[in-house]
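Visitor: I am new to reading protein models, and I would like to learn how each label is justified. Could you take me through the reasoning step by step?

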Amino acid sequence: YDLHTLQNRFYLHSGAIATMHTTVPLIKDVLKRDNAIGCCAFPDEGAQKRFGAFFSEHHIVTCGKKRVGDDRFVVIQDGDPQGKHVLIIDDMVKTGGTLVECAKALMEAGATAVSAFCAHAAFPAGAEQRFCKGGDRSVFTHFYVSNSNPAV
């Protein structure tokens, strides 16, 4: 269910097992446990369309990629993260470049903190370490993933 196209099962070459289950209950548990999170964000319009209705009780922010010449960056397309701890929700992360750029855009727009939840972590060798304290992608308060990839 979280894999929005069947072709993505071939993207999970790193030991993840694709099944047709949803991680929405796991995300809802995170939101219940962490009362500080006041907003859900999606890194693109596709993720918002797939998952947004499940989180209608929360403030929603939608980001998107914008291209200017050869440069690509993430902008906020809808919503306002000002003064909120934001949880970015996405289905898959590999190197996390888009998630990091999304987090930076949210912080620049006034978010007090940013965490992330990804259903499937298909990190190539050692990529997850970049998100740990001291790593070059250490911008998240918390980074949640499911156990769909037993190697992570």
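Visitor: What makes E101 count as partly exposed?

Guide: Please keep in mind that this is a predicted model. E101 has a relative accessible area of 33%, and because partly exposed covers the range between under 20% for buried and over 50% for exposed, E101 is called partly exposed. K104, with a relative accessible area of 39%, is partly exposed by the reasoning of those cut-offs.

Visitor: How do you know that K104 and E101 form a salt bridge?

Guide: The closest N and O atoms of K104 and E101 are 3.6 Å apart, and a salt bridge asks for a side-chain nitrogen of Lys or Arg within 4 Å of a carboxyl oxygen of Asp or Glu, so the pair qualifies. Both residues lie in helix α3, three residues apart, which is about one turn of the helix.

Visitor: How many salt bridges are there in the structure, and what makes K49 and E45 one of the pairs?

Guide: The structure holds five salt bridges. In the pair of K49 and E45, the closest N and O atoms are 3.4 Å apart, and since the cut-off is 4 Å, this is a salt bridge too. K49 and E45 are four residues apart in helix α2, and so about one helical turn separates them. At 61% relative accessibility K49 is exposed, because exposed means over 50%, whereas E45, at 43%, is partly exposed.

Visitor: Why is it said that the pair of E57 and K28 ties together parts that are apart in sequence?

Guide: The side chains of E57 and K28 meet in a salt bridge, with 2.9 Å from N to O. E57 lies in the loop between α2 and β2, while K28 belongs to helix α1, so the pair ties together parts that are 29 residues apart in sequence. E57 is exposed, with a relative accessible area of 51%, and K28 is partly exposed, with a relative accessible area of 24%.

Visitor: Why is D90 said to have no salt bridge, and which side chain of opposite charge is nearest?

Guide: The nearest side chain of opposite charge is that of R50, which is 4.4 Å away from D90, and because a salt bridge needs the atoms to be within 4 Å, buried D90 is left without one. D90 is found in strand β4, R50 lies in helix α2, and their C-alpha atoms, 40 residues apart along the chain, are separated by 9.7 Å. R50 is partly exposed, with a relative accessible area of 25%. Leaving out residues up to four places away in sequence, D90 touches several residues, including P43, A47, R50 and L99.

Visitor: How do you know that C102 is not in a disulfide?

Guide: The sulfur of C102 is 3.2 Å from the closest cysteine sulfur, in C63, and because a disulfide needs the two sulfur atoms within 2.5 Å, C102 is too far for a bond. The sulfur of C40 is 6.6 Å from the closest cysteine sulfur, in C39, so C40 is also too far for a bond. The structure holds zero disulfides. C40 counts as buried at 0% relative accessibility, and C102 counts as buried at 0% as well, because buried means under 20%.

Visitor: What makes the buried residues of α1 lie on the same side of the helix?

Guide: The buried residues of helix α1 are V24, I27, V30 and L31. They cover an arc of only 115° around the axis, which puts them on the same side of α1. On the other side of α1, K32 and R33 are exposed. The buried residues of α1 pack against β1, α2, β4, β5 and β6.

Visitor: Which residues have the most contacts inside the largest nonpolar core?

Guide: They are I88, L106, V114 and F140, in a core of 22 residues. The largest share of this core, five residues, comes from α3. Leaving aside neighbours within four places in sequence, I88 is in contact with residues that include L106, V114 and F140. A second, separate core of 14 residues includes V30, L31, L87 and I89. In soluble globular proteins, nonpolar side chains tend to be buried together.

How values were computed
Residues are numbered from 1 along each chain as its sequence is written. This is a predicted model: local features need pLDDT of at least 70, side-chain atom pairs count only at pLDDT 80 or more; totals for chains, interfaces and linings use all residues. Side-chain values use heavy atoms; hydrogens and water are left out. A nonpolar core is a set of buried Ala, Val, Leu, Ile, Met, Phe, Trp, Tyr and Cys residues joined through side-chain atoms within 4.5 Å. Buried means under 20% relative accessible area, exposed over 50%, partly exposed in between (1.4 Å probe, protein chains only). Helices (H or I, at least four residues) and strands (E, at least two) are DSSP runs, numbered from the N terminus. Contact means heavy atoms within 4.5 Å. Lys and Arg count as positive and Asp and Glu as negative; His and the chain ends are not counted. The arc is that of the directions from the helix axis to the C-beta atoms.
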